[in-house]
Amino acid sequence: MLIRAKFARDYNLRYISHLEIMDTFRKGIRRAGLPGAYSQGFNPTLNLSLSQPLPVGMAGGGEYLDLELTRPINGEGFKARLNSFLPEGLKILDARYIPDQTGLKSLQALLNRAEYHISARGKLKEKREVLIEKLMAKNKIIVIRKRRNKPDREYDIRPLIFEAKVLKDNKISFIVSTGSSGNVRPEEIVKALQTLEPEVPDHSVIDFYRSGLFVEKGDKIISPLTDQVLEER
Amino acid sequence: MAEVFSQIDDYLIEVDSPERYIGQEWNQIVKDWDSTDFKICVGFPDTYEIGMSHLGLKIIYHMLNEENEFLCERVFAPWTDMEDLLKEKDIGLFSLENKRELMDFDLLGFTLQYEMSYTTILNMLDLGKIPVYSSERGKEDPFVMAGGSTVFNPEPITPFIDFFYIGEAEENLLNVVKSLKKWQEQNLNRDDILFKLAQLSGVYVPSLYETQFDGQEFSGIRPLKDSIKPEIKRQRVNNLNNAYCPTDYIVPYMEIVHNRAVIEVSRGCQRGCRFCAAGMTYRPTRERSVEKIIELADKTLASTGYDELALASLSTVDHTKIKELLDQLTERYNSSNISISLPSLRVDEFSVEMAKNVQEIRRSGLTFAPEAGTDKLRERINKGIKEEDLYKSVKAAFSYGWHRIKLYFMLGLPGETEEDLLGIANMAKNVLDIGQEIRRNTDRRMKKVEVQVNVTTFIPKPFTPFQWVKMASMEEIRDKINFLQKNLRKKGINFDWNDPEVSRLEGLVARGDRRMSEVIYHVWQQGSRLEGWNEHIYPERWFEALDKYNIEIESIIGEKSPDQPLPWDHLIAGVNKEFLKEEYRKSFLSEETPDCRWNYCSDCGVCYKPYSELCLESNQVIDNVN
Ligand code: SF4
């Protein structure tokens, strides 16, 4: 038995770390008296797992959690109850009860697409249309990644960028790969844009917003709460 | 959200642990700034994770916020990176709730917990855009008050604090703050308000008193006017069951020092250890009833979501109904995955058994504090435990499955000899032997036995029977540490000590008179703050300043005669001076004074109310005393 829920972490809580968010949910679930299941062993904790960590400094609008249950509870009830026990800035948007979790992939294994929005500044704001076009026209985008105790490595992130488009209010949206099959960090996109136009100013993690995490299905990206995802195990 | 915060918000990504500065935790109380008349900010002169672990601050925060006419917000010391950022952006240190600079409040109150935090108070005032010296504050500035466990010698920080509240907040603090608000609304000037405050019970307005010296020696303190009371009495709660106690504690995001629900099961301790300031200044012992504790625990756990409950007190297992309490709590919370912890244990088998009953899960180490190495020295300090008691306790602990034992001792106690140091080494070795033997003979899997020995320098503190004792020199302490190091070299024993230089500074501030304020100011001017953190303490600055202001160290922490005036003589902590003198005298003879709850009253002076009015769970105790 499982509850899978979509949640948002607002801008005002962007400095809270992944582990702290996890802990905040655990305490919220306890306050709400929801029937979460505990791990076995010396240090029983609620069996809760979250989607890929949001970097400290970034807000997100389409994050996910899985909570194991000891008895059934419906999604709407879970959402309403938990929301009144969470601090302002953390909010359950949608929830689904999953009676049988056999064969269900974990969120982090399942979710492989992330959408980021960036509030563009300076030259990036001015030349956003052209720059996006140029970026997507490239065959290769090499970034350098530091690795712990190993030499730096070059990495081509072009195949991991699937979509880039200009939104209203100076915002740009990128859909990139996330998770174990390849991961693009938002700062790397800015670096890549800087190779096209050196005057693009540095944008840090706080200029981004992760609007959602998705599962890729053919040429579509869909929510992990959809029947299609839940049925395919 | 206040403007100051929007100027700084984006830059918080560059500082360590930005969660320290954002507030917005569950149960935080944010009231409307403009529609609240009187604004209070409570400050803790250390970082968020230390300050948020402090129970007294939480009580005051919620107690003041219960009143519609006030708002009460929090502020903690910023870490150095945040301090730099505030200065760079020219933003004053701000509160966590409405994000207002400290200068915008009507009243700023500091919690005094340890002597080395005083430079941080100065720094917070300065960062909050408030003049550091009281004498420089004007109509627009907040009143600055302080209280807490080191308030029993406020003299070293008197020039920076407008008034002190002496004693327990629940008793009279609300009345003090309400009076202050009323006088401010009547538009009285600052001096008149301070004069009026000085009339209230438990309030000490230092600018209305003057100190006298005879050369280097302190010779007295007296009020400047006849209408000012010569003595200030500690405020205390008589019945803990009726005292205000919040249950909707703020739940921090970040991992703080004590991240759990805390219930104060009793307050005070009457065992009468002669070195212990808390044991003297929080007398008498007052207990919460089992029903009340359970009620508070239920509410606190429900409103916070914590899965750990700590039963706090100076000596938790001394609660007269501890067994019944723990039985009820474990039964109640067993199924909800809540663990219970006992932060302070006595050195006896009973304590170990209590700990075993609750700490079934998360069993790591157990800590005992024999304090001194031989029975004789323990008799002298009235720590009434025998070497045998320790061995019985650790035997029990090892057989229940603990494998790590921590032992706390003090160095430099009055009358300490080499025999006492050898005693420490022997106790450690014997504890190790006991553990290893149990490990050899058990059929359970038991981890390697570890004994951790920690020593600190004994600091003779105000309002203890040792307040007249000369503090041991750094050289003496260093020699003792070296001696112990040599004698504790053994696999399985770990030896650790606190820097004796820092202890010396603590001693100087703990017993200091008003002259110390110049030293504190000077040290702060040199850039010192956050001195509870090893990386931020520069003892040489203190010694330079003592030199500069021509203060002889011996005039503060040297030996005093019991007939000499002391800088804290104008405060009444509860225990009277005659009792302290008697205890001091008895210490030379290694004569013990038993806990008055189970024995005769030793006439310490604390029970100015009939003892029977103070709430203890067991009636038998009251019979004994009467
Ligand atoms: S006055 Fe007597 S009974 Fe009261 S705390 Fe002191 S010694 Fe104990």
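In this predicted model, B:Glu115 is placed in the loop that connects strand S3 (107-112) with helix H5 (118-127) of chain B. Although B:Glu115 sits in a loop, its relative accessibility is 6%, and because the cut-off for a buried residue is under 20%, B:Glu115 counts as buried. Once the neighbours within four places in sequence are set aside, the residues in contact with B:Glu115 are B:Thr150, B:Lys461, B:Glu506, B:Val509 and B:Ala510. With one of these, B:Lys461, the contact is polar and runs from side chain to side chain, at 3.5 Å. A further reference point is B:Asn153, which is 38 residues away from B:Glu115 along the chain and has its C-alpha atom 10.0 Å from that of B:Glu115.

Two of the partners of B:Glu115, namely B:Val509 and B:Ala510, lead on to helix H16 (500-510) of chain B, where both are listed among the buried residues. Of the 11 residues in H16(B), 9 are buried, so this helix is largely enclosed by the rest of the structure. The buried set also includes B:Pro500, B:Val502, B:Ser503, B:Arg504 and B:Leu505, together with B:Gly507 and B:Leu508. The cover over these buried residues includes H5, strand S17 (450-457), H15, H17, H18 and helix H19 (554-557) of chain B. At the N-terminal end, H16(B) is capped by B:Asp499, one of whose side-chain oxygens lies 3.0 Å from the backbone nitrogen of B:Glu501.

Helix H18 (residues 539-548) of chain B, which forms part of the cover of H16(B), has buried residues of its own, namely B:Pro539, B:Arg541, B:Trp542, B:Phe543, B:Ala545 and B:Leu546. An α-helix has 3.6 residues a turn, so residues three or four places apart point the same way. The buried residues of H18(B) pack against H5, helix H15 (474-487), helix H16 (500-510) and helix H17 (516-525) of chain B. After H18(B) comes B:Asn550, a residue with a positive phi, near 55 degrees.

Elsewhere in chain B, B:Arg267 belongs to strand S11 (residues 266-267). Its relative accessible area is 8%, and B:Arg267 is therefore buried. The side chain of B:Arg267 makes a polar contact, at 2.6 Å, with the side chain of B:Glu170. Not counting residues up to four places away in sequence, B:Arg267 touches B:Glu170 and also B:Ile59, B:Glu168, B:Val237, B:Leu240, B:Tyr282, B:Pro284, B:Thr285 and B:Arg286.

These local settings belong to a chain with 21 helices and 19 strands. For the 626 residues of chain B the globule rule gives 25 Å, and the radius of gyration is close to this at 25 Å, so chain B is as compact as a globular protein of that length. The C-alpha trace of chain B spans about 75 × 60 × 55 Å along its principal axes, and buried residues make up 62% of the chain. Among the contacts in chain B with a separation of 6 or more, 76% are between residues 24 or more positions apart. Chain B exposes about 24,200 Å², of which carbon and sulfur atoms supply 44%. The 77 positive and 103 negative charges of chain B have mean positions that are 4 Å apart.

Chain A can be read in a similar way, and contains 7 helices and 11 strands. Its radius of gyration is 19 Å, close to the 17 Å that the globule rule gives for 233 residues, so chain A is as compact as a globular protein of that length. Its C-alpha atoms fill a box of roughly 55 × 40 × 35 Å along the principal axes, and 51% of its residues are buried. In chain A, 71% of the contacts with a separation of 6 or more join residues 24 or more positions apart. The mean positions of its 39 positive and 30 negative charges are 3 Å apart.

A:Arg14 provides a link between the two chains, since its side chain makes a polar contact with the side chain of B:Asp10 at 3.0 Å. A:Arg14 lies in the loop between strand S1 (2-9) and helix H1 (18-32) of chain A, and its relative accessible area of 0% makes A:Arg14 buried. Beyond the residues up to four places away in sequence, A:Arg14 touches B:Asp9 and B:Asp10 of chain B, and within chain A the residues A:Arg9, A:Pro55, A:Val56, A:Gly57, A:Met58, A:Ala59 and A:Ile206.

Definitions and conventions: Residues numbered from 1 in each chain as written. Chains lettered and ligands numbered in written order. Predicted model: local features only at pLDDT ≥ 70, side-chain atom pairs only at ≥ 80, totals over all residues. Heavy atoms only, no water. Helix = DSSP H or I, 4+ residues; strand = E, 2+ residues; numbered from the N terminus. Rg over C-alpha atoms; globule rule 2.2 N^0.38 Å. Buried < 20%, exposed > 50% of the residue type's maximum accessible area, 1.4 Å probe, protein only. Contact = heavy atoms within 4.5 Å. Lys, Arg positive; Asp, Glu negative; His and termini not counted. Charge placed at Lys NZ, Arg CZ, Asp CG, Glu CD. Polar contact = N/O pair within 3.5 Å; in protein donor to acceptor, adjacent residues only side chain to side chain. Areas by Shrake-Rupley, 256 points an atom, 1.4 Å probe, with all protein chains shown as cover.
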